[in-house]
Amino acid sequence: MKRVYNFGAGPAMLPESVLRRAQEEMLDWRGTGMSLMEIGHRSDCFQNFLYELQKKLIKIIGIPSNYKLLFLSGGGQGQFASIPMNLLGSHKKADYLHSGHWSGLAMEEAKKHAVINSIADCKQYNFYSFPSFEEWKLDKKAAYFYYCPNETLVGLQIKELPEIEVPIVADLTSCIVAEPLNISQFAVAFAATQKNLGQAGVTLVIVREDCLGRALPLTPDIWNYTKQAENNSSANTPPVYAIYFVDLVADWILEQGGVEKLGEVNHRKAQALYHFIDQSHFYHNAVDQRYRSITNIIFTLPSEAQTKNFLKEAEAAQFVNLKGHRKIGGARISLFNAVTEKMVAELIDFMKVFMNRH
Ligand SMILES: *Cc1c(COP(=O)(O)O)cnc(C)c1O
């Protein structure tokens, strides 16, 4: 068997021990004589499992007690639609920060339901930086303010916000459990789990209780936060196996010493790469230093041909999924939690050798 070094942006690499545990538990999950996929979602067994998992995630992520934690289908983009449907209430407007691909798609989806105010647009900086807070045109009457703290495509990350008086909504898909986050600043936060929390198929939605009960009548029940909160995310059959993987990853996170420890490791990983790229004068990362992501790092080489060659040689050396997103080209390294410091060191060595040869 061979396992490559996977620097993909999602679905992302999973820790080997997690995959092995899934393999071991496949035929007989915790003495039930069944796989978890075959267990009824309304059984005490599954409901208790879900309850225990919620407790684990509340501890790991640091979710305050006035929030509900939901496990919903439809991926990250399902939430692009769910957010306006659940939060507009009688409002007609919402504020969006356009910082890249994912917040852009969320805006487009929300336009089906409300007047969307793009309060600041990073497009003028090619999505490599942000307009200053003074330039943000926040609306005090907006139903909510929406943003994506870590734009995965370019690796543009914003850690601070100006003072915002309306409920704040965050797409945490590519930054959850990468480092500690202050959840209490959000009214709603969500994360599809195929980046740092497991596999595709389920999205964690963290909703402050005062945001429940506002859903538009057209909201499908399966995406109605209030209905799903009342039914412990089991209003319909939840994606049980995807949720199971979140549980395996949650145990792994605890074994690693929690999010604080992972955050320290992640900062070292990113630091090592940015440092190498910046001093190389061969590889180039164009993102404003103040907003560089600790998880997704893009770079270009001096020529298109060299980029192509680099990706080919990297793959042959078992460093896979380094290709930049089809929208922007170049190369991209994603440093999700399963990527170790050793892998990063070996990748840097490879990049050095490639550079010296070219
Ligand atoms: C990957 C990603 C998504 C997409 O989620 P899907 O589950 O594919 O719909 C959304 N937001 C961010 C920030 C992402 O990185």
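**Note on the ligand site, cavities and backbone of a predicted model**

1. The space taken by the ligand is the largest pocket, and the structure under discussion is a predicted model, which should be kept in mind for every value quoted below. The volume of this largest pocket comes to about 320 Å³, and 21 residues line it, of which Gly10, Trp102, Thr173, Gln194 and Lys195 are the closest to its centre.

2. As for the make-up of that lining, the residues of the largest pocket divide by class into eight nonpolar, ten polar and three charged. Among the secondary-structure elements, helix 3 gives the most to the lining of the largest pocket, and its contribution is four residues.

3. Turning from the pocket to the ligand itself, 14 residues surround the ligand, and the closest of them are Gly76, Gln77, Thr152, Asp171 and Lys195. Helix 3, which spans residues 75-87, supplies the largest share of this shell, namely four residues, just as helix 3 gives the most to the lining of the largest pocket. By class, the shell around the ligand holds four nonpolar residues, eight polar residues and two charged residues.

4. Three contacts with oxygen atoms of the ligand deserve to be listed individually. From the backbone, an N or O atom of Gln77 lies 2.8 Å from an oxygen atom of the ligand. From the side chains, a polar atom of Thr152 lies 2.4 Å from an oxygen atom of the ligand, while a polar side-chain atom of Gln194 lies 2.9 Å from an oxygen atom of the ligand. Taken alone, the ligand exposes 390 Å², and the protein buries 87% of that area.

5. How many cavities of 30 Å³ or more does a search of the whole structure find? The search finds two, and the largest cavity holds about 60 Å³ of space. Its lining is made up of Met13, Leu14, Pro15, Lys195, Asn196, Leu197, Gly198, Val249, Trp252, Asn337 and Ala338, which by class amounts to seven nonpolar, three polar and one charged residues. Lys195 thus appears in the lining of the largest cavity and also among the residues closest to the ligand.

6. The second largest cavity contains about 40 Å³ of space, and the residues that line it are Phe71, Leu72, Ser73, Ile222, Gln228, Ser233, Asn236, Thr237, Pro238 and Pro239. By class, the lining of this second largest cavity has five nonpolar residues, five polar residues and no charged residues.

7. Two features of the backbone should also be checked by eye. Most residues other than glycine have a negative phi, and most peptide bonds are trans. The peptide bond from Gly10 to Pro11, however, is cis, with omega near 0°, and Pro11 belongs to the loop between strand 1 (5-6) and helix 1 (16-25). Gly10 is also one of the residues closest to the centre of the largest pocket.

8. The second backbone feature concerns Phe127, which has a positive phi of about 70° although it is not a glycine. Phe127 is located in the loop that runs between strand 4 (115-121) and strand 5 (145-147).

Conventions
Residues numbered from 1 in each chain as written. Predicted model: local features only at pLDDT ≥ 70, side-chain atom pairs only at ≥ 80, totals over all residues. Heavy atoms only, no water. Near = heavy atom within 4 Å. Polar contact = N/O pair within 3.5 Å; in protein donor to acceptor, adjacent residues only side chain to side chain. Areas by Shrake-Rupley, 256 points an atom, 1.4 Å probe, with all protein chains shown as cover. 1 Å grid on protein atoms, 1.4 Å probe; cavity = no way out; pocket = protein on both sides within 12 Å on 5 of 7 lines; lining within 4 Å. Sits in = over half its atoms within 2 Å of the grid points. Helix = DSSP H or I, 4+ residues; strand = E, 2+ residues; numbered from the N terminus. Nonpolar A, V, L, I, M, F, W, Y, C, P; charged D, E, K, R; others polar. Points joined across faces, edges and corners; volume = space filled by probe spheres on them.
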